[in-house]
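Student: I would like a close look at one part of this model, namely its helical interior and the aromatic side chains within it. Please begin with the chain as a whole and then turn to the detail.

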Amino acid sequence: MRPARPLVPLVVLALVASLAACSGSHSARAWAASVCTTLEPWRSEIGSLTSRTQQQMDTATTPSQAKENLMRLFGGAADASEKARAGVVKAGVPDVDDGERIADGFTGSLAATRDAYSRARSGIEGLPTAPAQTFYQQVTQVVQQLQSDYQASGLDTSKLSSSELKAAFDEVPECR
């Protein structure tokens, strides 16, 4: 009886073809639409988490409750940022000049945002809740560091050197 060797090259060929299709470049419009479709739920989730946390903080009566709310906010924001980063990675590379650098800029910015939220969550987690005044002073320091880290993570879209992508982001419905 002969082994089924002819089947192995076909399976390998099919796998390689499917991977090549997934990792290929995409038109500027398709890439922009995919990125905006990925980023919209991220923005909504961050807004929702922030709003819920603000409402909870207004009614929080103890440092322990505030700590729990802030950890949930920052942990949720880190998770949402990672999901957005993975979505942008999945969008592939735009078929424009410097497409790889541009895609890397988007994913790098989201990774840095995720990391900023993760550091803030860890910072809050490590704070003792007593005395209350000290806790809230330290929360202020963590939040100030988060703001600094968040600003540093931002993607400078003014350096987006692709007129095709600039036009695509302005034109596709998913980005409006």
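Student: What percentage of the 176 residues of the chain count as buried? With that settled, please examine helix α4 and the residues it meets.

Tutor: The model is a predicted one, and 34% of the 176 residues in its chain count as buried. The accessible surface of the chain comes to about 10,700 Å², and carbon and sulfur atoms account for 56% of that area. Six helices and two strands make up the chain's elements, which follow the order α-β-α-α-β-α-α-α from the N terminus on. If one takes the contacts between residues at least 6 apart in sequence, 77% of them join residues at least 24 apart.

The interior provides the setting for helix α4. In soluble globular proteins, nonpolar side chains tend to be buried together. Here, the largest nonpolar core has 40 residues, and those touching the most other members are Trp31, Val35, Phe74, Ile124 and Phe169. At least two residues of this core come from each of α2 (28–59), α3, α4, α5 (132–153) and α6. The greatest contribution is that of α3, with eleven residues.

Helix α3 therefore merits a brief description, since Phe74 lies in this helix, which covers residues 63–91. With 29 residues, α3 reaches 42 Å from its first C-alpha to its last, close to the 42 Å expected at 1.5 Å a residue. Just after α3, Gly92 takes a positive phi of about 85 degrees.

Helix α4 itself covers residues 99–125. Its aromatic residues are a suitable place to start. The count of aromatic pairs in the model comes to six. One of these joins Phe74 and Tyr117, whose rings are stacked, 6.5 Å centre to centre and with 25 degrees between the planes. Because Phe74 belongs to helix α3 and Tyr117 to helix α4, this pair ties together parts that are 43 residues apart in sequence. Both Phe74 and Tyr117 are buried.

A second stacked pair is formed by Phe106 and Phe169, at 5.9 Å centre to centre and with 15 degrees between the planes. This pair links distant parts of the chain, for Phe106 is in helix α4 and Phe169 is in helix α6 (residues 163–171), 63 residues apart. Phe106 has a relative accessible area of 10% and is therefore buried. Phe169 counts as buried because its relative accessibility is 18%, below the 20% limit for that class. Ring pairs also bring in Trp31, so that Trp31, Phe106 and Phe169 form a cluster. Two members of this cluster, Trp31 and Phe169, have already appeared among the core residues that touch the most other members.

Two further residues of α4 have hydroxyl-bearing names in the sequence and can be treated together. Thr107 is placed in helix α4 and counts as buried because its relative accessibility is 15%. Leaving aside neighbours within four places in sequence, Thr107 is in contact with Arg85, Val88 and Val89. Ser109 also has its place in helix α4, and its relative accessibility of 13% is why Ser109 counts as buried. With the neighbours within four places again set aside, the contacts of Ser109 are with Ser153, Gly154 and Leu155.

Towards the other end of the numbering of this helix, Ile124 is one of the core residues that touch the most other members. Not counting residues up to four places away in sequence, Ile124 touches Lys67, Leu70, Met71, Phe74, Val139 and Val142. Phe74 is thus a residue touched by Ile124 as well as the stacking partner of Tyr117.

Finally, consider what follows α4. Ala130 is found in the loop between α4 and α5, and this residue is exposed because its relative accessible area is 58%. Ala130 and Pro63 are 67 residues apart in sequence, yet 7.6 Å apart in space, C-alpha to C-alpha. A similar statement can be made for Gln65 and Thr129, which are 64 residues apart along the chain and have C-alpha atoms separated by 9.5 Å. Gln65 is found in helix α3 and, with a relative accessibility of 37%, counts as partly exposed.

Definitions and conventions: Residues numbered from 1 in each chain as written. Predicted model: local features only at pLDDT ≥ 70, side-chain atom pairs only at ≥ 80, totals over all residues. Heavy atoms only, no water. Helix = DSSP H or I, 4+ residues; strand = E, 2+ residues; numbered from the N terminus. Buried < 20%, exposed > 50% of the residue type's maximum accessible area, 1.4 Å probe, protein only. Contact = heavy atoms within 4.5 Å. Phe/Tyr/Trp six-rings, centres within 6.5 Å; stacked < 30°, edge-to-face > 60°. Areas by Shrake-Rupley, 256 points an atom, 1.4 Å probe, with all protein chains shown as cover. Core = buried A, V, L, I, M, F, W, Y, C linked by side-chain atoms within 4.5 Å. Expected span 1.5 Å × (residues − 1).
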